[in-house]
Every structure is written in C-alpha cells, then in structure tokens.
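The following exercises concern the sequence and structure shown below. Each task is followed by a solution in steps.

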Amino acid sequence: ALVVVGEAGVGKSRLRAELLARVRESRQPAQVVLAQGDALRSGVPAGMIGRALRGFLGLPDGSPAAQQAMLRARVAARLHGPDAERVTEFIGQITGVPLVATESIALRAAQQDPQLMADQKRRAFADWLAAECRAQPVILVVDDLQWADPVSVELIGAALKRGRDLPLFVLAFARPELGSRFPRLDADWGRQEIRLAALRPDACAEVARHVLGEDADPVLIESLVDRSGGNPFYLEELIRAAASPDSVGLPASVLASTQLRIGKKPPRARQVLRAASLFGRVFWAGGVE
C-alpha cells in the first residue's frame, strides 16, 4: 500500500488522474476499484468499501432482484462452489444487497454475533479481492482516506494480508490529519508513504510565467507566488483571476477553501488569527493580545 499525504489541492488529484490514464493505456491493463472517503458518512460501517464495490460490480439501482442476480454473477465469475456462496452472502452484507431467500447457517450465526459478522465480512472481502487478483492485477484507489470509516480501513488491511503474494496495489490519498484518525495504519496496512510538500517559490513563478507570459509584471508574479503559499490549486486560481480583466480580489473558490480551513480551527485560534490579520503577515504577540 502506498499513501500519498498532502494538504488539500497539493497535486493529489493530478497524480491520481495521471496514474489512471497510464493504467488505461498500458499493454498489461489492471482492474481499478475506486473508493472515496466521505466526511458526512465516515460513521457508516463499511460504507466506503460498500459504495466502491457497488460501483465496481455494476450493481444496478432499484430492483433488489436485479442487484442480487448481478452480485451472484460477478462473484461466480471468479469463485465456485461453497466459497462462492459464502463470499456472495457476505459481500451482499457489505454492499447492502442481502440474499434473504437463501440465508445460510453461517450468515444466520453471524447475524447473532457482531464480532463473527465482522470476521466473516473481512474474510469474504479478502477472498473476493484475491480471486479478482488471480484473474487480473487490481489497483484499489482510495480518495480522502482520512474520511474513510474504520471498518472499510480494516477490510482493506485484511485484503492486503490475504493478497500479500498477489498483484494487488492499494494507492490512497489523504490529508495530514490521517495519522491522528488512523494511528495504526502502518501496522495494519504495512504502508509506504509519500508526503507532498508545497511547490517551491521558483517553481510557482515558473508556472505563473508560463501562463501569463514571460513579459508578465515581476511584481504581479511575486504577489501570486506569495499569496499561493506553494499550493498548486490556489496558484492556478490566482493566476486565472490575474489573467481575467473582470476579476476583482481573490477568486471565490480560493476564498471559500481558505475560510473552510480556518473554520475548522477552535474559536480561540480563529480569534487570534482575526486579530493578527489586522497587522498583516508580520505581527507580534503584544499586538494580538
């Protein structure tokens, strides 16, 4: 597993898009499973993996019978016999497509024991993913891992252990708060980590000159670089605003993003920032007090 950590907008979306484009163009294509963490649904057990599986397996909306038929067919394409039935039942529990008409003894027992149900779901997900890997390499791409639900993270960890010798690659993108939310991720995933730093000032200036032209005002370039703070997303928005004759002040997307970051801080910290802003980028403790 490889986890790419960086602040919002610091190049993660472009890295993901470039990787997926190269995978699609490769002579040895891999299956790609896309998962997305969601801050509003981070408390739904297995919600992230459930949504990812529904999308990958092509489970249709609407008719439960159609969903069950598709789930059975997709699992049966990789697994056979008792294993196929067991995996289908518990993948159904993960995806919200229960096979009520054919409940097995194992499923009925798990429904009476939350720990047993969790174990069976981990086993079924790991077995299913291992079967997919034996057919074709699998890349599991996770966006906003810091907002994943803990059960989904456990399911991925179980699959990584089960598929240690199989062509399975987990690539996750996350913000720095990932460590506080999932402190055991190193042990559970055996992950490697890449931290994306902010762009250097000279790189920011090069990007700005490339867009605005070599004849762009050096003072304007310096201002854009300074205000972006090395964040590629902010820099792009600022350059777009500078290139537009109708633009006034900061672009709305940059302003909203900055307000969101500040809004997450405790009230006392926001009060300090508000007082400091009266002085500008340089201020002193006595003035803020």
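**Exercise 1.** Compare the expected span of helix 7 with the distance between its end C-alpha atoms.

*Solution.* Step 1: helix 7 comprises 13 residues, 150-162, where helices (H or I, at least four residues) and strands (E, at least two) are DSSP runs, numbered from the N terminus. Step 2: the expected span is 1.5 Å times one less than the number of residues, and for helix 7 this gives 18 Å. Step 3: the end C-alpha atoms of helix 7 lie 19 Å apart, which agrees.

The model is predicted: local features need pLDDT of at least 70, side-chain atom pairs count only at pLDDT 80 or more, and totals for chains, interfaces and linings use all residues. Residues are numbered from 1 along each chain as its sequence is written, and side-chain values use heavy atoms, with hydrogens and water left out.

**Exercise 2.** Identify the buried residues of helix 7 and what covers them.

*Solution.* Step 1: buried means under 20% relative accessible area, exposed over 50%, and partly exposed in between (1.4 Å probe, protein chains only). Step 2: Ser152, Val153, Leu155, Ile156, Gly157, Ala158, Ala159 and Leu160 of helix 7 are buried. Step 3: their cover includes helix 2, helix 4, helix 6, strand 3, strand 4 and helix 9.

**Exercise 3.** Describe helix 4 and its meeting with helix 2.

*Solution.* Step 1: of the 14 residues in helix 4, 10 are buried, among them Val87, Phe90 and Ile91. Step 2: the axes of helix 2 and helix 4 come within 8 Å and cross at roughly 115 degrees; axes are lines fitted to C-alpha atoms, for helices over the stretch in contact, and angles run from 0 to 180 degrees between N-to-C directions. Step 3: Ile49, Gly50, Leu53, Arg54 and Leu57 in helix 2 meet Ile91, Ile94 and Thr95 in helix 4, contact meaning heavy atoms within 4.5 Å.

**Exercise 4.** In what order do the 5 strands of the open sheet stand, and why do strand 2 and strand 5 each have one side without a neighbour?

*Solution.* Step 1: the order is 2-3-4-1-5, with parallel pairing; two strands pair if DSSP finds at least two bridges between them. Step 2: strand 2 and strand 5 stand at the edges, each with a single partner strand, so one side of each lacks a neighbour in the sheet. Step 3: strand 2 is joined to strand 3 by 6 bridges, and Gln31 stands opposite Val138 in strand 3. Step 4: helix 6 lies across strand 2, strand 3 and strand 4, running at about 130 degrees to strand 3.
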